[in-house]
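Work through the exercises below with the sequence and the 3D view open. Try each task before reading its solution.

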Amino acid sequence: MKIKNTTSDNKTPSIHKSHNRIAIIQANWHADIVHEASKSFMEELGSYGYDADCFDIHDVPGSLEIPLMAQKLAETGRYDLIMATGLIVDGGIYRHDFVARTVLDAMMRVQLDCGVPILSVVLTPHHFQETQAHMGFFKEHFVVKGQEAAKACHQTLKNMRGLKELKLAS
């Protein structure tokens, strides 16, 4: 069965978009890179007709703090969607892939438990070095990932509205 509002609308503004509340959680580890995703996410959604005042940005020290913040924000009932962004790198002390899995598993659990969609722009590169070349590459990569998250956000919010309309029609 196809649910209404599941196809792309080529960025046509909608009266519903101004009523959405979107939380952005951004880890401050490598903030100069990570915050690029937040900026491009908001800019891209702006091109879809979302108002700048529908976003609330919440900073956390690192990616491990994202799931708890997501849970607390979801529990407020204020947000229709949460987007989280962070960069988990191999610091040589612990296995960064374990940290990444822990963060993503916890974000998924929060999403399922609270019923608020959570999008992840929490990235774990195989190789990251604090060189100009890597820093520049990942800065640009986070811009692209923020734009991709915005498209996913737009589609997800449309899907959620379609589900609400389907429930009201039953």
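**Exercise 1. Give the order of helices and strands from the N terminus on.**

Solution. This is a predicted model. Starting at the N terminus, the elements of the protein chain follow the order β-α-β-α-β-α-β-α. The count is four helices and four strands.

**Exercise 2. Describe the chain as a whole: how much of it is buried, and how far apart in sequence are the residues in contact?**

Solution. Step 1: the cut-off for buried is under 20% relative accessible area. Of the 170 residues in the protein chain, 42% count as buried.

Step 2: take the contacts between residues at least 6 apart in sequence; 79% of them join residues at least 24 apart.

Step 3: turn to the surface. The accessible surface of the protein chain is about 9,500 Å². Carbon and sulfur atoms account for 56% of that surface.

**Exercise 3. Find how strand β3 and β4 pair, and decide whether strand β4 is enclosed or open.**

Solution. Step 1: strand β3 covers residues 81-87. Strand β4 covers residues 118-123.

Step 2: the two strands pair in the parallel sense, over six bridges. To see the pairing in the view, look for Ala-84, which stands opposite Ser-120 in β4.

Step 3: five of the six residues of strand β4 are buried, so the rest of the structure largely encloses this strand.

**Exercise 4. Trace the salt bridges of Asp-56.**

Solution. Step 1: recall the principle. Side chains of opposite charge can pair when their charged atoms come close. The cut-off used is a distance of 4 Å between a side-chain nitrogen of Lys or Arg and a carboxyl oxygen of Asp or Glu. The structure holds six salt bridges.

Step 2: take one partner of Asp-56. The side chains of Arg-21 and Asp-56 form a salt bridge, with 2.7 Å from N to O. Arg-21 belongs to the segment before β1 (22-27) and Asp-56 to strand β2, so this pair ties together parts 35 residues apart in sequence. Both residues, Arg-21 and Asp-56, are buried.

Step 3: take another partner. Asp-56 also forms a salt bridge with Arg-78, where the closest N and O atoms are 3.3 Å apart. This pair links distant parts of the chain, since Asp-56 is in strand β2 and Arg-78 in the loop between α2 (66-75) and β3, 22 residues apart.

Step 4: compare with the cut-offs. Asp-56 has a relative accessible area of 17% and is therefore buried. Arg-78, at 46%, counts as partly exposed.

**Exercise 5. Explain why Asp-105 and Arg-101 are separated by about one helical turn.**

Solution. Step 1: both residues are in helix α3 (residues 96-114).

Step 2: they are four residues apart in this helix, which means a separation of about one helical turn.

Step 3: Asp-105 forms a salt bridge with Arg-101, and the closest N and O atoms are 3.4 Å apart.

Step 4: Arg-101 is exposed, with a relative accessible area of 59%, whereas Asp-105 is partly exposed at 46%. Elsewhere, salt bridges with shared partners join Arg-21, Asp-56 and Arg-78 into one network.

**Exercise 6. Is Glu-36 buried or exposed, and which residues does Glu-36 touch?**

Solution. Step 1: Glu-36 is located in helix α1 (residues 31-47).

Step 2: its relative accessibility is 19%, so Glu-36 counts as buried.

Step 3: leave out residues up to four places away in sequence. Glu-36 then touches Lys-139, Phe-142 and Val-143. Within its own neighbourhood in sequence, the Glu-36 side chain makes a polar contact with the side chain of Lys-39 at 3.0 Å.

Step 4: check from the other side. Lys-139 lies in helix α4 and is partly exposed, with a relative accessible area of 34%. Apart from neighbours within four places in sequence, Lys-139 is in contact with Asp-32, Ile-33 and Glu-36.

**Exercise 7. Which residues form a nonpolar patch on the surface with Met-160?**

Solution. Step 1: Met-160 is in helix α4 (residues 132-169), and at 31% relative accessibility it counts as partly exposed.

Step 2: the other members of the patch are Leu-163 and Leu-166. Together the three have about 220 Å² of accessible area.

Definitions and conventions:
Residues are numbered from 1 along each chain as its sequence is written. This is a predicted model: local features need pLDDT of at least 70, side-chain atom pairs count only at pLDDT 80 or more; totals for chains, interfaces and linings use all residues. Side-chain values use heavy atoms; hydrogens and water are left out. Patches are made of residues with over 30% relative accessible area and no salt bridge: like charges are joined within 9 Å, nonpolar side chains (Val, Leu, Ile, Met, Phe, Trp, Tyr) within 5 Å. Accessible areas come from the Shrake-Rupley method with a 1.4 Å probe; for residues, only the protein chains shown count as cover. Buried means under 20% relative accessible area, exposed over 50%, partly exposed in between (1.4 Å probe, protein chains only). Two strands pair if DSSP finds at least two bridges between them. A polar contact is a pair of N or O atoms within 3.5 Å; within protein, one must be able to donate a hydrogen and the other to accept it, and residues adjacent in sequence count only if both atoms are side-chain atoms. Contact means heavy atoms within 4.5 Å.
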